[in-house]
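Please take a moment to look over the sequence and the structure shown here, and then follow the paragraphs below with both in view.

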Amino acid sequence: MDRGLSTLSEPLIDISAYILVSIVIIDTTLSISLLTDFQKYVVFIDEGFQNYVAVIVKLVYGKQDSCYYKVIQRIMVFKFPRRKNRLVKQLREKRFVELTKDYFESDVVKQMDKYIHHGTTTTLQHCENVAWISYLVNKKLKLNANEKELIGVAMLHDLFLYDWHDGEPCRKTHGFDHPEIACNNAIKHFGIPEKQQQAILSHMWPLNITKIPKSRVALIICMVDKYCALMETIRLNKRFGLRY
Ligand SMILES: [Fe+2]
Ligand SMILES: [Fe+2]
């Protein structure tokens with residue numbers, strides 16, 4: 001090439017150089033432009049596929065959430081992260097409604113809605129908040145507490161049927177007394193087993209210093225109850241994930 005070029009005049013070499021540089025610039029520009037389009041195509045195909053798979057998974061497994069919950073969750077985490085949250089939320093919600101259904105149908109539990117507990121939140125709403133946050137915490141942190149027991153304790157832990165702000169002299173010790181009152185009511189109306197009784201009795205720990213939470217369920221309820229009570233009192237319920 002060097003020998004060939006040396007025979008050319010200088011202006012001709014300059015012109016050839018300009019032409020070659022122009023070709024390189026055009027080539028680079030076209031390559032980048034095609035790559036960008038290609039990237040768009042990949043995203044387009046990927047989204048189409050994800051939407052399609054999401055619809056099929058929902059159709060096939062939607063009605064059998066409890067048994068396929070873990071499988072679906074894994075599939076969704078692996079295949080379509082963007083769709084994951086919405087579907088997982090729906091399944092979580094459905095499972096939660098199933099677990100709490102019996103309690104909401106009970107007359108004694110319904111009565112809790114007559115009394116204000118914290119802020120503007122009734123005792124029933126507080127119990128539902130505790131149940132919901134406990135349920136989420138248990139799932140999210142993979143604590144593996146028994147869901148049925150957890151929801152049972154959450155829904156019944158404050159099953160006392162009075163307004164503790166009513167000024168009655170006996171309310172002065174409400175903080176200490178109500179776990180036992182709730183536990184007795186829960187035994188009377190739901191016949192709850194020993195483990196759940198212990199969890200209800202220990203939910204006010206460390207106020208009731210000797211009633212230490214001794215199970216996973218008890219510990220979750222004890223912590224979540226305080227969180228919900230605080231959020232309800234300072235009225236940040238919705239903002240911090242509570243149902244009411
Ligand atoms: Fe309580
Ligand atoms: Fe509570």
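In this predicted model, are H178 and H203 buried or exposed? H178 is buried, and H203 is buried as well. These two histidines each offer an NE2 atom to the iron ion (ligand 1), and together with an OD atom of D158 they make up its protein donors, which lie 2.1 to 2.2 Å from the ion. Along the sequence these donor residues follow the spacing D-x19-H-x24-H. The pair H178 and H203 links distant parts of the chain, since H178 belongs to helix α8 (residues 174-190), whereas H203 sits 25 residues away in the loop between α9 (194-201) and α10 (216-233). D158, for its part, coordinates both the iron ion (ligand 1) and the iron ion (ligand 2), which are 3.2 Å apart.

Turning to the protein interior, the largest nonpolar core has 36 residues, and those with the most contacts inside it include I151, M155 and I221. Among the helices that each supply at least two residues of this core are α4 (81-105), α7 (147-156) and α8. If the neighbours within four places in sequence are left aside, M155 is in contact with several residues, including Y103, F104, V109 and L124.

Some details of the backbone also deserve attention. Most residues other than glycine have a negative phi, and most peptide bonds are trans. The peptide bond from W205 to P206, however, is cis, with omega near 10 degrees, and P206 is placed in the loop between α9 and α10. N144, in the loop between α6 and α7, is not a glycine and yet has a positive phi of about 60 degrees; N144 counts as exposed because its relative accessibility is 58%.

Terms used: Residues are numbered from 1 along each chain as its sequence is written. Chains are lettered from A and ligands numbered from 1 in the order in which they are written. This is a predicted model: local features need pLDDT of at least 70, side-chain atom pairs count only at pLDDT 80 or more; totals for chains, interfaces and linings use all residues. Side-chain values use heavy atoms; hydrogens and water are left out. Donors are N, O and S atoms within 2.8 Å of the metal (3.2 Å for Na, K and Ca); water is not among the atoms, so sites may look incomplete. Helices (H or I, at least four residues) and strands (E, at least two) are DSSP runs, numbered from the N terminus. Buried means under 20% relative accessible area, exposed over 50%, partly exposed in between (1.4 Å probe, protein chains only). A nonpolar core is a set of buried Ala, Val, Leu, Ile, Met, Phe, Trp, Tyr and Cys residues joined through side-chain atoms within 4.5 Å. Contact means heavy atoms within 4.5 Å.
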